[in-house]
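Welcome! Please open the structure below in your viewer and keep the selection tool handy.

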Amino acid sequence: MGLSSENDRREAMKLCMFDLRRGQTEGQELDKILFFYPADLPLTTQLSVIGLSEGLITFTRVFSPDAPCEVIEAEKHCHVFYEVEPDIWMVMVVEKENPEAIWRVDALRSVLKEIHSLFMMFHGYIRALVDKEPSGGLVRSHLYYFIMDFLRDFSIGKNLQLPNFRDSLKEQGTLQMLTVGREAAIEVQSLVTLLESCVGNKQCYSMTMFQDLLVSTNLSPIDTLNLFTYAVRRLTPIALFRGASAWSSSRKTDTACNTYAGALQVTSVSAIDQYYNSHDPSPIRRHNYPLVRPLQHSKWSKGKDGFLTTDIWGTEVNSLVPMCPTIWLHLTEEKMFLLAYQHRGLTVILLVPVSSVSGDQGISMLKQQIIENASLKMLKVEEKLSRGWGGENAYHVSGYRYLLVDGDRYVSRASPPGKVTTLTKESLVALTKLREEVDSEKARAKWDNSGREKDIEICIRAKNNSWLIARLVRGKELYMVLPKGSETLLFAADATEKFSERYCNGAFSLD
Amino acid sequence: MPSDSNSTSSNYSSGRDDENPNSDPNSKPEPQLEPEPEPEPEPEPNKNPHLIDQSLDALENQLASISMSSRSPTVTFEGEEEDDVESREQPKSMNGSFSEEIEAGGDADSLEVGRHFESDSKAESSGVNGENISFTWLDAPEVDEVERPLSPGSSGYAGEMGSTSGGDEIVDDDEDDSDIRGVENDGVLGSNNQSVSGKRHADEDDASVSWRKRKKHFFILSHSGKPIYSRYGDEYKLAGFSATLQAIISFVENGGDRVNLVRAGKHQVVFLVKGPIYLVCISCTEEPYESLKGQLELLYGQMILILTKSVNRCFEKNPKFDMTSLLGGTDAVFSSLIHSLSWNPATFLHAYSCLPLAYATRQAAASILQDVAGSGVLFALLMCKHKVISLVSAQKASLHPDDILLLSNFIMSSESFRTSESFSPICLPRYNPMAFLYAYVHYFDIDTYVVLLTTSSDAFYHLKDCRIRIEIVLSNSNVLSEVQRSLVDGGMRIEDLLVEPTSRAGAVSSHLGQPRPGAGTPGRTADGSIGIGGPAGLWHFVYRSIYLDQYVSSEFSPPINSLRQQKRLYRAYQRLYASMHEKAIGPHKTQFRRDENYVLLCWVTQDFELFAAFDPLADKALAIKVCNRVCQWVKDVENEIFLLGASPFSW
């Protein structure tokens, strides 16, 4: 199987999902488990993780009925809870022993949130799947492949790299935007109008991206975030490149899968893949559910016509033409076809209601129309955007390491990762702790239900003399590390003020 | 309120009475308490299969003796030695069983102490029987200090009586109420009024809605899940709940881990495992985990102070051992400690505070304490409420600030100490958690008391002599009246902070660097119309001297008027402290924090830590300037506000 020995494959993370409405009679406890990673863990161990979780959910409800257990901090492990849907819980158990294992609980929880919201986008509510087939086989299969594919994004060698202190100047679950000039914005707008006219009378949505950055969209914030997250993971040029390189380096390739079953086959070998090769949970093996694995790696590629294609959604019955991907919109719960066109750094995603297009024929026609009417425009837009684009260090501000978050719009901007790595571990850990404090202040404000957002300003001179700054103003957050700060608090305050004036339109300035 | 305090006082004493066969005819026989000294002849204690029971009996006796005094409350300070002598001159039965248990792992000192403990328990017991009258006062109604008026601004965290608390039935606010009472209590720490009463809401249990809504629960339980202490509700009714807590802890333990914290919405459940003793806090008070954990440590320390860590042995012999009886009647001690967790900065600063006194006055007190410390006294403390007037330790011995806190809490919350001189075994958990010391306690007046600690169980008369010598010196040198005056004058007031350092020069000789307030001035803090705080919007500060292990906090001034505001500020300091001292990376050097309530500034150096609160609109540059001034001011008056040269924690 290619598995290394049990000893050196000690899992640093456990991840499970369980349904409290199932398996409530003695002997039926296994029924609760919808997903468990690693799947080869003895059932007794799986049950004990879920038993503890369930016990603490019940226990904490005694005091906190509206917000039961969110986290268990133990000496060696941290258990992060997230109720994804009523009575359906996800719990992530991470080990603390690794020196890299310093994190914000909120950052870990955002991984759970991301899993769920992406799952919803492709498969709808988990509860609906549970109800659809009460034996649980259907939902388990879907979750299994989905989450395993998801986790593979985090795997580095044999380990999973979860967001830790090195990501303290990142905000999971947010969009990163491209700043565009007025002229480019007008170009983009006219492109959007053009695309809409191609679709015709039907209600459609579009999302324009440049590299891994969002340029414009008319989707709701939640749908934007979900689609953006997916695009960055699988669709953008960088994601495609990543997929392709994984593809070429994989020892085992399987591109000729024209059936649903084929879609389940493995394309590259990693620790995660090894699990479901060797430890496929039996219920999944028994049933041959029609599975779609939207997060499967190396499955997207750019076609000759500029549209991105994949066979993840299977192929037409009597042809080799892949079926068009579909997603669910969060608010309207409407099923949409997903069309993605790419030209160099530019990716344009178009969502068209499934109900309004007559099958594959309609899709082909639509694509044809777009190529005929809009491809030139897209070329032009791409040119404009790349001319204004300052490269990966475009948003670097020298002397500052920062993160800006606009919570209302799910938008963030940060110092480029390459610049953040110049900070010492000490500064990054200190910032993580500071952010944890701010997280709890935010949570407190939420629970106090005062309705108003917390405004706060914290400025810390750490032991290593760097300044750590956190500012919360009207739902906007600014975190900064000034690695070479001078002695005085006034200097740090002044530096913050300047940053706010120049880069945040004074959002964090006093008065 | 007075009626309530009466009942609680009798609660407390009845707890003791239970241990005393003389007051409870149905209690199990307590051989050591029998008038005849040899009802249970055990010449070879080590071979005694009931060794542990014996130890327990001894412990119970200790508890009984804690509240025991050597004379009746009717007697006055002078001239009752004869009675005491009579009562004390009982033969000691030295079987040393407990000491053998204790000494393992201890040093020579602790061995010694352990032996003394055993013998003393006998002596105490004998004393009880020799003088039944010593228990009579326990049931007597409260002495008049309950009604005693407050001394305004008597302590850093004592508020004015102004805003009174609501009733206990306001469940959501009970934490505030109780804390308010706690603060009030600080103002009248002498009076064991409602706040330090025993169990509150004893009728509740985990099924009660009101119980579930309490803001801060504390539980102590044994590793077998038996309840030992609960802040609210009756321990026995909470047996099921206690078993649940135990199940959580052991479930995680069985997985090779140890649970520290569970977070749920605004609630935190904090666990602390100390051998066979489990401590749990369930709180929605927004205090950081590190603070709550520190509070559980203190709660454990308080328990150790009463019982020593040797209580662990009971659980080794019998895992199902029921400890509640050992702590019977000590509810007031725990309640009072829990209250102080909401107003006393010593609980998170791990430093003690001194009563402001002229240097010469404090020196006078120190020299007489020093005198007696030479003669077999390990530690001699002269205290006013929870503040130290002076303390002296024998060579090489050192007293941890937490021990001072726990000791003074124990003494002030136990009504028995107040009414007469006492000689009681206590354990200083930071000094030696395994062994008892013996504390001679005597109140000179309603607020001021002396504690003489020794390792010798038969030092009562010697210590009594010492106390008399101390008392003579103190009254001759007017120390006691200076203490009362200091209580009236209060400590440092932010309004008196002068921004220009030179303008102070002439005033240094007066009270804390400012002209002594006239007779009418104490009202200044009560009068909301006067103050908007000190310069640059300074509202309050706490200064901790690191090498002295001491802190000073300014008096509360408007606009920090109400007890609620004071507690909020206290919590803000607590968070700031935790943030500055973050374990993995701390301590930070400076912190500036502005929210809707305050501007907080914290400055940590090798010598001191300064916490200052300002108006939320305060100007940064000015605030920094004022902080520098505060530090200078503290340095200017440090020989009045700190005990210098004591360095109790230097080795």
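Here is a short tour, stop by stop, through this predicted model.

**Stop 1: the whole of chain A**

Select chain A and colour it by secondary structure. You will be looking at 14 helices and 19 strands. Now switch on the surface: chain A exposes about 22100 Å², and carbon and sulfur atoms supply 52% of that area. What percentage of the 511 residues in chain A is buried? The figure is 56%. Contacts also reach across the sequence: among those in chain A between residues at least 6 apart, 63% join residues at least 24 apart.

**Stop 2: a hairpin in chain A**

Next, select residues 205-217 of chain A. Strand E8(A) covers residues 205-210, and strand E9(A) covers residues 213-217. The two run antiparallel and are joined by four bridges. Together they form a hairpin, with two residues between the strands. Click on Gln211(A) in the turn: its phi is positive, about 50 degrees. Then find Phe210(A), which stands opposite Leu213(A) of E9(A).

Why is E9(A) described as largely enclosed by the rest of the structure? Four of its five residues are buried, so other parts of the structure enclose most of it. While you are looking at strands, here is a handy rule: in a regular strand, side chains alternate between the two faces of the sheet.

**Stop 3: the nonpolar cores**

Before you move on, remember that in soluble globular proteins nonpolar side chains tend to be buried together. Now select Met303(B), Met323(B), Leu381(B) and Leu452(B). These have the most contacts inside the largest nonpolar core, a group of 116 residues. Helix H9(B), residues 289-307, gives this core its largest share, 11 residues.

Zoom in on Met303(B). Which residues touch it, leaving aside neighbours within four places in sequence? They are Ile220(B), Ile277(B), Thr308(B), Val311(B), Met323(B), Leu327(B) and Phe334(B).

A second, separate core has 74 residues; among them are Leu366(A), Met378(A), Leu404(A) and Met492(B).

**Stop 4: the cysteines**

Finally, show the cysteine side chains. How many disulfides are there over all chains? The count is zero, taking a disulfide as two cysteine sulfur atoms within 2.5 Å. Cys281(B) is a good example: the nearest cysteine sulfur, in Cys284(B), is 9.9 Å away. Is Cys281(B) buried or exposed? With a relative accessibility of 0%, Cys281(B) counts as buried. Over in chain A, Cys16(A) has 1% relative accessibility, so this cysteine counts as buried too.

Methods
Residues numbered from 1 in each chain as written. Chains lettered and ligands numbered in written order. Predicted model: local features only at pLDDT ≥ 70, side-chain atom pairs only at ≥ 80, totals over all residues. Heavy atoms only, no water. Buried < 20%, exposed > 50% of the residue type's maximum accessible area, 1.4 Å probe, protein only. Pairing = 2+ DSSP bridges. Contact = heavy atoms within 4.5 Å. Areas by Shrake-Rupley, 256 points an atom, 1.4 Å probe, with all protein chains shown as cover. Core = buried A, V, L, I, M, F, W, Y, C linked by side-chain atoms within 4.5 Å.
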